[in-house]
Structure formats: C-alpha cells, structure tokens
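Hi everyone, thanks for coming. Let me walk you through one structure, starting with its metal site.

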Amino acid sequence: MLTDYHLHLRPDDEGTTAERYFTEENVDRYLAAAAEAGIEELGVSEHVYRFHQALDLWSHPLWVENANDDLDAYCEFVRTTPLRLGIECDFIPGAEEQTAALLAVRDFDYVVGSVHFVGDGDAAVDHDGFDVWAGGEDAERIWSRYFEMLAEAARSNLFDILAHPDLVKVWGRERRPLPEGDLRRFYEPAVAAIAESGIAVELSTAGLRKPVGELYPATAFAELCVEAGAPFALSSDAHLPEQVGFEYDRAVDFLDALGVGEICVFERRSRRLAPLGSRVG
Ligand SMILES: [Zn+2]
Ligand SMILES: [Zn+2]
C-alpha cells in the first residue's frame, strides 16, 4: 500500500479559485498521476485558512486575505469524488476549542495538523512575507519555539497526522541559520509528546522540493519516532498533479532502512496499519 494524503488540489498562489480547481477534471489529473505511481489511497487536505470558517480560529492577515471558500462546499465536493476527505489545519494555541468545533461537525477521513506560525506574532517558519527569521532571533530560540509548538499540537489531540514534522529546517543552512550541534535536543520533547498522544508522524517528500532538499522528518527525528513506537503516514504535500507521489522511491527506501514495514490508512478518522508498498511508477 502507498498513500498520498497530504495534498492540495491547487497551488497557494493568488487567483487559484475553488471554481477553477475543485472540478472533476482536475481531480482526474490527480487520480491519473496516483494510478501511474501505484498509489492506492489518495486524499486531499486543503489548507484550513482558505475557508471563511477558519476566521473563527484566527484573524492572521494571510488568513483574512485567503478565507474565500466555504468549507462545507469543499467537503461536499470531495465526497462526490474517489478522494479521501482531509484538511490541513494549523495548530493555533488558544483556539483549541474553536478548532475542535470546526473539525467535529464535518466527516473528515483524517485531519493533518501543522505548525507554520510560531510564537505570539504573525511570523511563520516557511513564509517569506511573514518571516520569523527576519526578527533577529537566533536559530536556537526559533527551533525551540517551533518544536514546543509541535509538541503542543501533538498533545492537543485535535489531529490524526502531524505534518512535515521538522518544517523549521525548510530553508536549509544556506538561506537561514541552523542551531549548532546535535539536533536531537529539539526532537526529543516533541517525540515524547507524539508517543504520548499516539498521533501519526508524516513522512513527507515535500522537503525534497524545498531549499533544504531533505525528507521531513530528518533521519535522527525519524529514528526517535521508531524507538517510541509512533506510526508513519506517507504523503507528498503536492500542490500540482505532477507532484503526487513525488520522489516516493526515496521515501520507501527511507522507511525500509528504519525497519518500518507499515503505514497508516485512514477512514472517517479511524486508523489502521497496512503493509508499505513499493513504488511502481
Ligand atoms: Zn503545511
Ligand atoms: Zn500542505
């Protein structure tokens, strides 16, 4: 079994309206790409901030600008297709109740929880326009905050899958500073929270398309997850059909090398493990 659960039917750019992208023709392009790559389980997880209901959780300027679509219309549309119904939902500290309420009344197959924005302000680890790295804080502090929030996201029990677990490295060492030394001091408390909560850890090939050029999570992080008994969910975070199953041969080899022989499969927010397949595309 191969899955691709964390994917988007459209790029994050301006002008990518629901009318243009939430169509049968566009879904068919993703299904064809999945079939070619031997991916049996395909699901969509649109960013929560593209729906006006997200403004109940947060009023970040990026969210206000992007909250144009209706979440229920999205859910209805996805249920007319063979895709699993998911959503990528940011962990917003202090908005746990509102987040739980938004998720509970819809019949998602899974919820991908993510941390992009860190700290009290508007700044994100991966966004040029709201760049936490522009604030003059050192890498040690930013990484600590990121992984503290990741642990909180896991412990919130709001989510089924923890997205791109070490996203904070996205820019690579050339573009932004990295903390010194052994990075396991950042990973360990987050992995403890992952183990405690039972959340699935996303193995994402998206980092291979980013300046860092690595899978999420790093090998040392993934090893700690395996030791802690955490299960993995496999995704590409595709924003285009041609990114479905992106570099899955590397992901499968990575899991094989860790001795991970099973991945998570989701339906109506319940999870089972299935044997990890091999890439055929
Ligand atoms: Zn994300
Ligand atoms: Zn995503």
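The zinc ion (ligand 2) has four protein donors, His6 (NE2), His8 (NE2), Glu88 (OE) and Asp237 (OD), lying 2.1 to 2.3 Å from it. Donors here are N, O and S atoms within 2.8 Å of the metal (3.2 Å for Na, K and Ca), and since water is not among the atoms, sites may look incomplete. This is a predicted model, where local features need pLDDT of at least 70, side-chain atom pairs count only at pLDDT 80 or more, and totals for chains, interfaces and linings use all residues. Residues are numbered from 1 along each chain as written, chains are lettered from A and ligands numbered from 1 in written order, and side-chain values use heavy atoms, without hydrogens and water.

Which residue coordinates both zinc ions? That is glutamate 88, and the zinc ion (ligand 2) and the zinc ion (ligand 1) are 3.6 Å apart. Along the chain, the donors of the zinc ion (ligand 2) are spaced H-x1-H-x79-E-x148-D.

Now the other metal: for the zinc ion (ligand 1), the protein donors are Glu88 (OE), His116 (NE2) and His164 (NE2), 2.1 to 2.2 Å away. Their spacing in sequence is E-x27-H-x47-H.

Are these donors buried or exposed? Buried means under 20% relative accessible area, exposed over 50%, and partly exposed in between, with a 1.4 Å probe and protein chains only. Glutamate 88 has 1% relative accessibility, so it counts as buried. Histidine 164, at 2%, is buried too. Around ligand 2, histidine 8 is buried at 0%, and aspartate 237 is buried at 7%.
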